[in-house]
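Reader: I would love a close look at one part of this model, with the backbone details that a computational chemist would want to check. Please take your time and build it up step by step.

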Amino acid sequence: MNSSLDPVTLAVIQNGLTQVCNEMDLAFVRAAFSPVISEALDRSDGIYAAEDGALIAQGDLGLPVFVGTMQFGTREVIRRAKRIAPGDLYIVNDPYLGGTHLMDVRFVKPFFYKGELFSWLANTGHWPDTGGAVPGGFSANATEVEQEGLRLPPVKLFKEGEMDEEILAIILSNIRIADQRIGDIKAQAAALAVGERRLTLLLDRYGRETVEAAIGELRVRAEQQMRAKIEQIPDGIYRGKAFVDSDGVVNEALRIAMKITKTGSDLHFDMTGSSPPCQGPMNSVIATTRSSIYLAIKHIFPDVPINAGTFAPLHIEDPMGTFLYAEYPRPVSGCAAEVSQRIAEAVFAALTPAIPDLLFAAPAGTSGNFAMGGHDPKTDRSYVMYLISGGGYGGSVDGDGISNGCSTIGISKTTPIEIIEQRYPVLIERYALHEGSGGAGEHRGGFGVDYRVRLRRGTARASFVMDHGRSGPLGALGGSDGGVNTVVVERGGERYHPPHLSKDQGILIGEGDGVLVKTPGGGGYGDPMKRDPAMVATDVRRGYYTPDQARERFGVVLDPATGTVIEAETDRWRRARAA
């Protein structure tokens, strides 16, 4: 340990840096206009190193997928920044410059302490629209990035504290509901201003030299802790795979081939055997691909603190020539919300045999991106509604998976129904568990959600970029896969099923038409025949499974009158084991 730092001071500074980020997160959420930020929490704030953008600290409630991308994105701003001054603030959403998709807009600000550059502050917020072919930006049929929206390289939106009205005018002239975006822009900038004040107070209290020494020590310790965790994995080569339903254009599955080599305290990731670049928007930029692996390992070892040192033992070979290394002009709107989760799923699948007690069956693995835009004749205002939905988590050695959990990539949650109905001309007619969707296992998967949205007035265009409609989340160690995602559009009394299952765009709907979505359940963990028959009976009584599903999936036969167990394959298994 650095000789100038005592353990108490180090811990206080560590918590102080995180608290700076937490306060930025809270300021952003409380001031944002868009429900996707203020209610769904699709945002993140962090502190990054002055010289290379390496992660220093991120808020406790920031989206995990942004851990890596904001680090890479800040690095790209640093490479392009010239003549920076206090009060400058860059805006950027270019996916190929350390980003995700165009809707994730990043603000990056140099932080000066006593006239000298100390670090960079950055945040990312999901804007409900950045232009493009369809409201919301999730263009399921896009074949080039220009169809997805306005792409911004790093440009100074604020110069020495003053907003550049000309740049703002260019942005607002190229996006929908532009009059509503100024609230998010000011909220995003205000959050970084809060970070400046709080970080200044921390430096005033402990001094620049002490804080810099603490940052260096925390980075070393995070690497040491991660290496200690990795050493729990036996040396060897592990392989896993996952599939994206389709790219939205060509109706064929995309394969992620994950090869993990563990040697000592290092992990090497090779995905070069994955599918080639695709025509549709399911390509992943390298920053998102890397961040997906970071978040997967953080899921496995959640108690390791987050900074640049955390990921030093993770070595990722660039999967050039595959859809996981998107280059301009490949469309990428599905990379952060969908492909990232398939990458994490492949990591889980590869390492589960090696560390089964630390891992779990696959979670729902889709953000359920549902965007709908139109004009409300009652308010005479245009709108873009963007919904994220939860799904089931996979079972684990510790028990059943939770139901309606947030996605693998973050803590974003569904906007409350009351807010949705207040802000948009829709009625949420149903919001329930997706019964039967939990994968069978000794510890079953959690259940997805089943919801129905009805348009109350006017017309609108609906778009979806979801996944796991072709196959459900993978079970583990003998467990069954979770239930699949489904989308049905009711128009004029007829039911429309998207050809790509849960991907489509620009579907015109009118007053009284509805959209029905069922999200995936989590995979099951362990042999379903080992599940306690009494627990199966309880699940049936609660409506999670039907009696037929209990018999088919768990080998449990129930009395139709009383719901009690008549016969169970598990009983025969126990008797055989005892004999």
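Author: Happy to! A word on names to begin with: helices and strands are DSSP runs numbered from the N terminus, a helix being H or I over at least four residues and a strand being E over at least two. With those names, Pro329 can be placed in the loop between β11 (314-316) and α8 (335-351). Please keep in mind that this is a predicted model.

Let us stay with that loop for a moment. The peptide bond between Tyr328 and Pro329 is cis, with omega at about 5°. Most peptide bonds are trans, and most residues other than glycine have a negative phi. Departures from both habits will come up as we go.

Now to the part I would like to dwell on, the open sheet. Four strands make up this sheet in the order β13-β12-β16-β19, and their pairing is antiparallel. At the edges sit β13 (381-387) and β19 (503-509), each of which pairs on one side only. On average, neighbouring strands of the sheet are turned by 10° against each other, with direction ignored. As a reminder of what holds such an arrangement together, strands of a sheet pair through backbone hydrogen bonds, either parallel or antiparallel.

Start at the β13 edge. Strand β12 (residues 369-376) is antiparallel to β13, and seven bridges join the two. One place to see this is His375, whose bridge partner in β13 is Ser382. The hairpin of β12 and β13 has four residues between the strands, and here Asp380 takes a positive phi near 55°. Is β13, as an edge strand, enclosed or open? Five of its seven residues are buried, so β13 is largely enclosed by the rest of the structure.

Following the chain past this edge strand brings us to Asn404, in the loop between β13 and α9 (417-423). Asn404 is not a glycine, yet its phi is positive, at about 50°. Its relative accessibility is 34%, so Asn404 counts as partly exposed, given that buried means under 20% and exposed over 50%.

Cross over to the β19 edge now. Five bridges join β16 (residues 460-465) to β19, and the two run antiparallel. Arg461 is a handy landmark, with Leu508 as its bridge partner in β19. In the loop between β18 (494-496) and β19 you will find Leu501. Leu501 also has a positive phi without being a glycine, with a value near 70°. This residue is partly exposed because its relative accessible area is 32%.

For a contrast with those partly exposed residues, have a look at Thr100, in the loop between β3 (89-92) and β4 (104-113). At 2% relative accessibility, Thr100 counts as buried. Its side chain makes a polar contact of 2.6 Å with the side chain of Asp104. Beyond its neighbours within four places in sequence, Thr100 is in contact with several residues, among them Phe66, Arg106, Val285, Val332 and Cys335.

So, to return to the sheet: β13 and β19 mark its edges, and positive phi values turn up at Asp380 in the hairpin of β12 and β13, at Asn404 and at Leu501. Together with the cis bond between Tyr328 and Pro329, those are the backbone spots I would point you to.

Notes. Residues numbered from 1 in each chain as written. Predicted model: local features only at pLDDT ≥ 70, side-chain atom pairs only at ≥ 80, totals over all residues. Heavy atoms only, no water. Pairing = 2+ DSSP bridges. Axes fitted to C-alpha atoms, helices over the stretch in contact; angles between N-to-C directions. Buried < 20%, exposed > 50% of the residue type's maximum accessible area, 1.4 Å probe, protein only. Polar contact = N/O pair within 3.5 Å; in protein donor to acceptor, adjacent residues only side chain to side chain. Contact = heavy atoms within 4.5 Å.
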